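Biologist: Please take a close look at the place where the ligand is held, but start with the rule for pairing charged side chains, so that the cut-offs are clear from the outset.

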Amino acid sequence: MTKLKNIWVFAEKQQNLNELCAGAAQFGEKVSVIWAGSKELACSADVVYYLGELDNKKVFENYIPTIIRLIKDNEPDMFLVDTSKNGRLIAGAVAAVSKTSVLTDINEIELFDDGVQTKRMVYGGAAFKTEKITHGLVIVCIPVGVFKPNIIDIAGNAKIISVDFVPPAVSVECIEKRPKIGETVDLRLAKRVVGVGRGFPNEKSLSLAYDFADAVNAEVGCTRPVAEEEKWFAKERYLGISGTMIKPDIYFGIGVSGQVQHMVGVNQAHTIVAVNKDKNAPIFKQADYGIVGDLKNVIPELLALIKR
Ligand SMILES: Cc1cc2nc3c(=O)[nH]c(=O)nc-3n(C[C@H](O)[C@H](O)[C@H](O)COP(=O)(O)OP(=O)(O)OC[C@H]3O[C@@H](n4cnc5c(N)ncnc54)[C@H](O)[C@@H]3O)c2cc1C
């Protein structure tokens with residue numbers, strides 16, 4: 001299938017932008033980016049439409065008319081957008097004026113002679129849904145980790161065009177920004193993750209998980225009940241369909257049964273290691289390596305092995 005002529009990309013953060021540009025380059029002859037923020041941008045695009053630095057008065061909501069005008073004037077074939085709140089906001093607004101719809105949380109894109117086919121998970125990850133868009137602007141929201149970022153070209157290679165601001169009818173102003181109280185963690189960036197499940201009998205026993213994570217230089221994540229029912233971890237740390245979706249090099253699921261809603265969030269890990277005392281636990285079906293045993297015995301033995 002021949003490539004599309006003109007693909008546009010919007011992402012709020014640099015890492016997502018690099019990934020989406022790498023994806024766009026697979027499908028399009030020309031990649032254009034809409035970017036706001038630091039001009040020290042690194043991405044492999046042909047053209048960067050630069051909105052300028054953002055400040056409290058210049059928030060993304062106010063740029064919607066500007067972005068809509070850019071899209072209308074340039075008529076891309078496909079618009080790839082990150083899944084951040086602003087990404088979704090922009091995708092929805094552009095779709096409304098383009099009289100099309102948005103395909104959200106897409107994990108796969110394929111080009112055919114008669115259209116663009118996308119795939120996404122449905123029913124809590126139990127099935128995939130395939131859709132084909134045969135005409136009009138294709139707008140796709142893509143989560144982090146679907147495409148591998150290219151080796152970064154500093155935007156010197158791209159033509160940078162400063163965009164004239166189209167004022168919105170009603171503008172939004174940010175009154176205040178405050179750091180969040182409590183921890184903040186982005187497990188999507190972790191290369192190694194230790195997942196804690198309900199197999200840990202109490203909060204005190206979590207020291208085993210922390211010691212193990214320290215030993216293998218990993219972040220600690222968990223299953224939903226451990227965060228939401230036991231409240232042993234912040235919500236940001238639970239992994240799965242309704243939590244964070246990760247793609248680390250290695251995921252250790254310890255005392256985790258491996259229900260589909262959890263595994264959907266971790267099964268993109270390159271290697272999955274499971275520790276569970278039940279040899280029939282579903283996690284063993286998806287694990288590359290499994291240890292059947294009580295975590296209270298297995299973890300200290302693994303720690304001793306690592307020390308040796
Ligand atoms: C709509 C919906 C969305 C959901 N979204 C998510 C989600 O995003 N993320 C998520 O995680 N869950 C989600 N869930 C919940 C999910 O279905 C499971 O209930 C949850 O993942 C199970 O967590 P767990 O593995 O910690 O607990 P359990 O299923 O209770 O498993 C505990 C495991 O520990 C093992 N074990 C017990 N003691 C030991 C020991 N001493 N040593 C070793 N192993 C031991 C047991 O054999 C068992 O396999 C969702 C559910 C619904 C309905």
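Modeller: A salt bridge is counted when a side-chain nitrogen of Lys or Arg lies within 4 Å of a carboxyl oxygen of Asp or Glu. The model is predicted, so local features need pLDDT of at least 70 and side-chain atom pairs pLDDT 80 or more, whereas totals for chains, interfaces and linings use all residues. Residues are numbered from 1 along each chain as its sequence is written, and side-chain values use heavy atoms, with hydrogens and water left out.

By the salt-bridge rule there are 10 in total, including the one that joins Arg 120 to Glu 131 at 2.8 Å, N to O. This pair connects strand β7 (residues 115–122), which holds Arg 120, with strand β8 (residues 127–133), which holds Glu 131, the two residues being 11 apart; strands are DSSP runs of E with at least two residues, numbered from the N terminus.

Turning to the ligand, 24 residues surround it, and Arg 198, Thr 223, Ser 242, Ser 257 and Asn 276 come nearest, where being near requires a heavy atom within 4 Å. One ligand oxygen lies 2.7 Å from a side-chain N or O atom of Thr 223, while a ligand oxygen is 3.1 Å from a polar backbone atom of Ile 241, and a ligand nitrogen is 3.1 Å from a polar backbone atom of Lys 277. Of the 990 Å² that the ligand exposes when taken alone, the protein buries 75%, with areas computed by the Shrake-Rupley method using a 1.4 Å probe.

Definitions and conventions. Polar contact = N/O pair within 3.5 Å; in protein donor to acceptor, adjacent residues only side chain to side chain. Helix = DSSP H or I, 4+ residues; strand = E, 2+ residues; numbered from the N terminus.
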